[in-house]
Amino acid sequence: AALANLVRDILKRRADSKLNKGTILNAAMFNYGTWGKKSPFTNILSESELAGLKPSELTDLIKGLNRYPHRVLYYGPLPKEKLTACLDRLHNVPEAFERIPEPVKFEQLPTEENKVFVCDYDMKQAEIVMLSRSVPYDRTGMAIRALFNEYYGGNMSSVVFQTLRESKALAYSVWGAYLTPDRPEHAHYIETYIGTQADKIDLALSGMFDLLNNMPETPHAFADCKEAIVKRIQTERITKGNILWTYEQAKRMGNDDRDRRADVYEQVPGMTLADLRAFFDKYIRDKNYTILVLGDVEKLDFGVLKKYGKVKKLSLEEVFGY
């Protein structure tokens with residue numbers, strides 16, 4: 001009975017997700033644009049597979065977790081000796097561990113040309129995400145990436161916000177960033193977002209491409225960005241259980257030898273607009289993009305969209321995988 005209720009809940013959540021524009025754009029379409037048809041997002045059990053599950057299959061998985069190599073993370077008041085004694089008494093493990101199954105591997109698609117993917121959604125506005133795969137993960141360079149993100153799209157004083165929303169009134173919401181992956185085998189990405197009126201898509205896209213190819217230089221805004229980064233680190237605290245998860249993430253990314261925030265804190269104050277321009281010219285300027293457009297297809301001008309790349313209309317079944 002519990003499993004039957006669980007399956008019903010899963011299917012209900014899946015149906016609800018296809019009605020939520022945020023999930024459609026930022027999860028389903030985003031993963032389709034990054035990985036293609038087969039992605040971590042679509043790597044799920046089908047409805048028939050869910051229906052065929054037996055409760056014992058799930059409970060056996062849980063009971064067998066200790067058979068595989070693992071580590072125990074602890075945050076609390078017990079001293080190490082007492083904790084170890086408790087684990088030795090209660091945490092049963094086999095004499096030899098089984099090999100952990102190989103994970104399903106997915107390949108991030110190269111951005112070799114401009115492409116436009118469109119999904120239909122009944123709304124007056126249009127929402128646009130632009131993606132471009134950049135270089136493989138680089139554990140260095142965190143400081144300049146943080147500075148670029150703050151200057152270009154990190155707040156209401158950023159270049160994209162002030163230009164496209166405040167000065168030109170082409171978007172009700174807009175931002176941009178150079179993303180650092182959460183796994184070392186993944187690549188960095190350029191990502192931008194534009195929320196605009198359907199009849200302003202051409203001007204909004206053209207304005208965004210201009211900002212991605214020509215870096216405005218505003219010395220006072222640049223100075224404010226450096227100060228904001230330093231102050232944020234000064235007031236930030238990693239406490240309690242978050243210490244463990246922060247360390248785990250740092251270890252996975254090859255950064256457990258040093259808190260990379262220290263690099264940012266030490267390097268950003270001495271950086272110049274020339275440093276930022278060098279980063280921009282190398283990693284941002286003149287790149288190809290996968291453009292994801294969510295909006296009412298009756299209101300979208302496909303002639304305009306074709307100016308920015310080969311257009312393909314996608315169904316919800318294609319991007320969700322069900």
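**Exercise 1. Decide whether K310 is buried or exposed, and place K310 in its surroundings.**

Solution. K310 has a relative accessibility of 66%, and therefore counts as exposed, given that exposed means over 50% relative accessible area, buried under 20% and partly exposed in between, with a 1.4 Å probe and protein chains only. The model is a predicted one, in which local features need pLDDT of at least 70 and side-chain atom pairs count only at pLDDT 80 or more, while totals for chains, interfaces and linings use all residues. Residues are numbered from 1 along each chain as its sequence is written, and side-chain values use heavy atoms, with hydrogens and water left out.

The next step is the secondary structure: K310 belongs to strand β6, residues 310-314, where strands (E, at least two residues) and helices (H or I, at least four) are DSSP runs numbered from the N terminus. On the surface, K310 joins K37, K38 and K312 in a patch of positive charge; such a patch is made of residues with over 30% relative accessible area and no salt bridge, like charges being joined within 9 Å. A salt bridge here is a side-chain nitrogen of Lys or Arg within 4 Å of a carboxyl oxygen of Asp or Glu.

**Exercise 2. Classify the aromatic pair of W35 and F106, and state which parts of the chain it ties together.**

Solution. The structure holds 15 aromatic pairs, a pair being rings of Phe, Tyr and Trp (its six-membered ring) with centres within 6.5 Å, stacked if the planes are under 30 degrees apart, edge-to-face if over 60, and tilted for the rest. For W35 and F106, the centres are 6.3 Å apart and the planes meet at 75 degrees, which makes the pair edge-to-face. W35 sits in helix α2 (residues 21-35) and F106 in the loop between α5 (80-90) and β1 (115-120), so the pair ties together parts that are 71 residues apart in sequence. W35 counts as buried at 12% relative accessibility, whereas F106, at 25%, is partly exposed.

**Exercise 3. Repeat the analysis for Y151 and F222.**

Solution. The ring centres of Y151 and F222 lie 6.0 Å apart with the planes at 75 degrees, so this pair is edge-to-face. Y151 comes from helix α6 (residues 142-153) and F222 from helix α9 (residues 219-235), so the pair links parts 71 residues apart in sequence. Y151 counts as buried at 1% relative accessibility, and F222 counts as buried at 5%. Finally, ring pairs connect Y151 and F222 with F148, Y152, Y178, F279, F280 and Y283 in a cluster.

Methods:
Patches are made of residues with over 30% relative accessible area and no salt bridge: like charges are joined within 9 Å, nonpolar side chains (Val, Leu, Ile, Met, Phe, Trp, Tyr) within 5 Å. Accessible areas come from the Shrake-Rupley method with a 1.4 Å probe; for residues, only the protein chains shown count as cover. Lys and Arg count as positive and Asp and Glu as negative; His and the chain ends are not counted. The place of a charge is taken as NZ of Lys, CZ of Arg, CG of Asp or CD of Glu.
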